[in-house]
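I opened this entry to record what I looked up, going from the overall fold to single residues.

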Amino acid sequence: MEGPYIDPAPPRFIVDRLRAQFSGSVLDVAEFRGEITVIVVKDALLDIAGFLRDDPGTAFDLLTVVTATHYIARDYDYEVLYHLYSLSKNHRLRVKVRLREGETVPSVTPVWPGANWPEREAFDLVGVRFSGHPDLRRIIMPEDYPHHPLRKDFDVEGVPSDIRPQARPASPGFRDMESV
């Protein structure tokens, strides 16, 4: 078959290679709709990323997406997800790291320089801090804005709900939608 395609059989051998190379650093593996997600220890992230890029059997030379999600009432507060792609092997893999409030995750910019702006966006909108990042500052919100609008505790009114003045009325458009 010519051209790019998604192999219906995901590259499960990569999980075995990671477990062999980084014993104890692979916390969990999930497969959903032909996509494999590997949850790893945050302290091993840079070593794992370098291995996935440099190993001829994996050759993940492209970081396509970095996302972060905030959670409430879980054992962890954040998940940072890296979507990887191998141009030569046509393999896809997702690597996930879980963090608690106040923890940092190593920046993968030394491995994939293209992570610079996506990590800045995750910092700006969710509040995840990347240690070793070359320029970790806001990219969308104003520099002096103290909040992170994609956190689950961020109120649609523009500030976290626990600091909004009680006398301030809600925006009529949003509250009118609740009565519909």
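**Overall fold.** I began with the secondary structure and counted 4 helices and 7 strands in the protein, bearing in mind throughout that this is a predicted model. Reading along the sequence, I wrote down the pattern α-β-β-α-β-β-β-β-α-β-α. I then looked up burial and found that 43% of the 180 residues are buried, while the protein exposes about 10400 Å², of which carbon and sulfur atoms supply 53%. Among the contacts with a separation of 6 or more, I noted that 46% are between residues 24 or more positions apart.

**Strand E2 and its partners.** I turned next to strand E2, residues 35-40, which is mostly covered, with 5 of its 6 residues buried. I asked myself in which sense E1 and E2 pair, parallel or antiparallel. Strand E1 (residues 26-32) pairs with E2 in the antiparallel sense over 6 bridges, and for Glu31 I found Ile36 of E2 as the bridge partner. The two strands form a hairpin with 2 residues between them, and in its turn I noted Arg33 with a positive phi of about 50°. I also followed E2 to strand E5 (residues 91-99), to which E2 is joined by 4 bridges, these two strands running parallel; here Ile39 has Lys96 in E5 as its bridge partner.

**Helix H3.** I then checked how far helix H3, residues 116-126, is enclosed, and recorded that it is largely enclosed by the rest of the structure because 8 of its 11 residues are buried. The buried residues are Asn116, Glu119, Arg120, Ala122, Phe123, Asp124, Leu125 and Val126, and I wanted to know which strands they pack against. I found strand E3 (62-70), strand E4 (78-86) and strand E7 (129-131). Just after the helix, I noted that Gly127 takes a positive phi of about 100°.

**Asp124.** The last residue I looked up was Asp124, which has its place in helix H3. I entered Asp124 as buried because its relative accessibility is 0%, where the cut-off for buried is under 20%. A polar atom of the Asp124 side chain lies 2.6 Å from the backbone nitrogen of Ile140. Leaving aside residues up to four places away in sequence, I listed the residues that Asp124 touches as Arg138, Ile139, Ile140, Met141, His147, His148 and Pro149, so that Ile140 appears in my notes both for this polar pair and in the list of residues touched, on the contact cut-off of heavy atoms within 4.5 Å.

Key:
Residues numbered from 1 in each chain as written. Predicted model: local features only at pLDDT ≥ 70, side-chain atom pairs only at ≥ 80, totals over all residues. Heavy atoms only, no water. Buried < 20%, exposed > 50% of the residue type's maximum accessible area, 1.4 Å probe, protein only. Areas by Shrake-Rupley, 256 points an atom, 1.4 Å probe, with all protein chains shown as cover. Pairing = 2+ DSSP bridges. Polar contact = N/O pair within 3.5 Å; in protein donor to acceptor, adjacent residues only side chain to side chain.
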